[in-house]
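Reader: I have a chain to look at and some questions about it. Please show it to me.

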Amino acid sequence: YAETLVVHEAIANAFLPVFAEALAPYKVELRGDAKTCSILSEAVPATEEDFAAEFSDFILAVKVVSSYDDAIAHIQKYSTGHSEVIVTDHYQTAQNFLNDIDAAAVYINASSRFTDGGCFGFGGEIGIRTQKLHARGPMGLKELTSYKYIIYGEGQIDPKGILIKNIESRDTVPGFFCPSAANTVLQRKGMITPMKKKIAVI
C-alpha cells in the first residue's frame, strides 16, 4: 500500500478529481490537507498523524505542495525510509529526487510495490530493514558504507506476472553501472532495473 500522495499545486485541480474517481470503485478513503479538501468534497481532513501513518488499509493521505522543495521537506519529515516514488517527465527533477531522498529504494515512474525480495531477484523475502549501519565488531571502510536501490521505470505498477532475469550488470542500462549480477525485472510494457548505489553512513 501507498500511504501518502504528494501533489504539486500546478496540477492539483486537474489531477486530483481524476485520481479520486479512479479510486472510487475501491472505496479508498482520502485524508487530505486543507487544499486537497477544497478540491475533493469526498476527502476528510488529515491529521498530523495521518502523514506519518502506515495504514495497511485502503486509506491514503494527500498533501498539495507549492514546490519541489516543499515536497522533499514533507517526505523527509514523514518518510519511513523504506520506499519513495516520484512520477515526473522532468529529467533533472527525477535525478534530484534520487539524490535528495534517503530511502532504501527510490523509484522514478514505477510503483513501490516492486520493493520485494522476489522482485529484486533475492528469492523469498525474509525481512525488510531500513537502518543503514549493519556491522558489528571491528569495522573497516566497507562497513561504514551502506546502499540504496534506484529504480527507473516507465509507468510499471503491478509486480504480478513479472519475469525476473539475472543478467550481467553492465548490460542493463547503457551509461549506468549496476552491481555484478544485478536483476532486471521485465514486463510487457518495458523494463525496470534496480541499481544498487553505495552511500556513506557517516
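Reader: Among contacts in the protein chain between residues at least 6 apart in sequence, what percentage join residues at least 24 apart?

Author: This is a predicted model. The count takes in contacts between residues at least 6 apart in sequence, and asks which of them join residues at least 24 apart. For the protein chain, that share is 61%.

Reader: Can I see an example of two residues set apart in sequence? What is the C-alpha to C-alpha distance between Tyr 147 and Ala 103?

Author: Tyr 147 lies in strand β7, which covers residues 145–156. Along the sequence, Tyr 147 and Ala 103 are 44 residues apart. In space, C-alpha to C-alpha, the two are separated by 9.4 Å.

Reader: Is Tyr 147 buried, partly exposed or exposed?

Author: Buried means under 20% relative accessible area and exposed means over 50%, with partly exposed in between. Tyr 147 has a relative accessible area of 35%, so the term for Tyr 147 is partly exposed.

Reader: How many helices and strands does the protein chain have?

Author: From the N terminus on, the elements run β-α-β-α-β-β-α-β-α-β-β-β-β-β. The secondary structure therefore comes to four helices and 10 strands.

Reader: What percentage of the residues in the protein chain is buried?

Author: The protein chain has 202 residues. A residue counts as buried under 20% relative accessible area. The buried share of the chain is 36%.

Reader: And the surface: what percentage of the exposed area do carbon and sulfur atoms supply?

Author: The protein chain exposes about 12,300 Å². Of that area, carbon and sulfur atoms supply 55%.

Reader: Which residues gather in a patch of negative charge on the surface?

Author: One member of the patch is Asp 69, placed in helix α3, residues 68–78. Asp 69 is exposed because its relative accessible area is 56%, and the cut-off for exposed is over 50%. The full patch is Glu 9, Asp 69, Asp 70 and Asp 100.

Reader: Where does Lys 27 lie, and what is its phi?

Author: Lys 27 is in the loop between α1 (9–23) and β2 (29–32). At 69% relative accessibility, Lys 27 counts as exposed. Its phi is a positive value in a residue other than glycine, near 55°.

Reader: What is the phi of Ser 56?

Author: Ser 56 is placed in the loop between β3 (44–45) and β4 (59–65). Ser 56 is exposed, with a relative accessible area of 55%. The phi of Ser 56, a residue other than glycine, is positive and near 50°.

Conventions: Residues numbered from 1 in each chain as written. Predicted model: local features only at pLDDT ≥ 70, side-chain atom pairs only at ≥ 80, totals over all residues. Heavy atoms only, no water. Patch = residues over 30% accessible without salt bridge, like charges linked within 9 Å, V, L, I, M, F, W, Y side chains within 5 Å. Areas by Shrake-Rupley, 256 points an atom, 1.4 Å probe, with all protein chains shown as cover. Salt bridge = Lys/Arg side-chain N within 4 Å of Asp/Glu carboxyl O. Lys, Arg positive; Asp, Glu negative; His and termini not counted. Charge placed at Lys NZ, Arg CZ, Asp CG, Glu CD. Helix = DSSP H or I, 4+ residues; strand = E, 2+ residues; numbered from the N terminus. Buried < 20%, exposed > 50% of the residue type's maximum accessible area, 1.4 Å probe, protein only. Contact = heavy atoms within 4.5 Å.
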